[in-house]
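This report looks at how nonpolar and aromatic side chains are arranged in one protein model. Please keep the sequence and the structure in view while reading.

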Amino acid sequence: CQKHSYLIKHNTQLVLMENSSTVTDLILLGMTENPQLGVLLFGVFLIVYIVTVLGNLGLVVLMRVSPCLHTPMYFFLSNLSFLDVYFSSVTIPETLANLLSKLQAVCFLGCVTQMGLFIIFASAECNILASMAYDLYTAICHPLLYHITMSRVRRLKLVAGCYLGGLVNMVSVTTSITQLSFCQPHVLPHFCDIPLLSALACSDHWVTQILIVGCGGFTLFTSIMVILVSYLSVLMTILRIPSASGRQKAFSTCASHLTAVGLYCGTTMYTYFQPSQCGSQAGNQMVSVFYAMVIPVSNPLIYSLRNQEVKVALQKILKK
């Protein structure tokens, strides 16, 4: 028995040494080992995904066909809805497949591709939220110059910059991760998230960790600063509005965006900027599921239920 154990240990060390520089497959575990609970979660997540796609695409179509919604604010909102569809489509189908199987292998290139797309859409969404805050600042603080400042060319440049920032983050992080050596058991909980994949490396990955925090921190910090400065100016302008109804309308316009910003930025900071020793795996898993599934489905609800212009446009379309 001792000789057999030694051979197993020795062969395992050889396999790990041979695979320390190249990873071919990764194992994605399901979210639960209980088959009944897995079927229940599959049904819930499938409904969430369908509502996410239909809700966001429906919001985009509504903004396209309603002339009253052809404004810069809804241009950014339509891009946010498209991002939510792409954002959820990167992760939810893989999670649904894992819920119906105990183990599922995914190639390392496929995992990195999923992670790269996730980085692009997550970074772009953060930048879009900052652009929407700048749009609100321009509309409320400089209404006479609003349509000149937020011209079609300016809007296109802002959106292009949002996607370009996500592309830069993706190239930087994925390039660094592909240079790592992986010799631990290649097992991930449910999808290829950045901290989970980098934690599998057996080589020194402090440079990668700094790069992840640096790219994510720069994107999040600059977006939050734009949002804070914009809303500080908006608040000072709103308080100078003489009528109570005017102040209420201005605050109502900002409420939806602030709700979306709070949900997205809060969960992102918890996931990527907490110390590695803090937080349980189950807690981190639930938070990652929250921002990958709940936030994309909540944005159309937030902007449709709290926005009077969207309600009026929807009523007109339904009457027709």
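What relative accessibility does F82 have, and how is F82 classed on that basis? In this predicted model, F82 has a relative accessibility of 28% and therefore counts as partly exposed.

A search of the whole structure yields five aromatic pairs, one of which joins F82 and Y86 in a stacked arrangement, with 6.3 Å from centre to centre and 20 degrees between the planes. Because F82 and Y86 are four residues apart in helix 3 (residues 72-99), about one helical turn separates them. Ring pairs also bring in F121, so that F82, Y86 and F121 are linked into a cluster.

The accessibility of three residues discussed here is listed below.

| Residue | Relative accessible area | Class |
|---|---|---|
| F82 | 28% | partly exposed |
| Y86 | 40% | partly exposed |
| V171 | 43% | partly exposed |

V171, which lies in helix 6 (residues 152-178), belongs to a nonpolar surface patch of about 340 Å² that is made by L164, L167, V168 and V171.

Turning to the interior, the largest nonpolar core has 65 residues, of which L77, L129, M132, F182 and L197 touch the most other members. Helix 4 (residues 108-141) supplies the largest share of this core, with 19 residues. Another core, of eight residues, lies apart from it and has F45, L96, L99 and M293 among its members. When neighbours within four places in sequence are left aside, M132 is in contact with F76, L77, L80, H257 and Y303.

Definitions and conventions. Residues numbered from 1 in each chain as written. Predicted model: local features only at pLDDT ≥ 70, side-chain atom pairs only at ≥ 80, totals over all residues. Heavy atoms only, no water. Patch = residues over 30% accessible without salt bridge, like charges linked within 9 Å, V, L, I, M, F, W, Y side chains within 5 Å. Areas by Shrake-Rupley, 256 points an atom, 1.4 Å probe, with all protein chains shown as cover. Salt bridge = Lys/Arg side-chain N within 4 Å of Asp/Glu carboxyl O. Helix = DSSP H or I, 4+ residues; strand = E, 2+ residues; numbered from the N terminus. Buried < 20%, exposed > 50% of the residue type's maximum accessible area, 1.4 Å probe, protein only. Core = buried A, V, L, I, M, F, W, Y, C linked by side-chain atoms within 4.5 Å. Contact = heavy atoms within 4.5 Å. Phe/Tyr/Trp six-rings, centres within 6.5 Å; stacked < 30°, edge-to-face > 60°.
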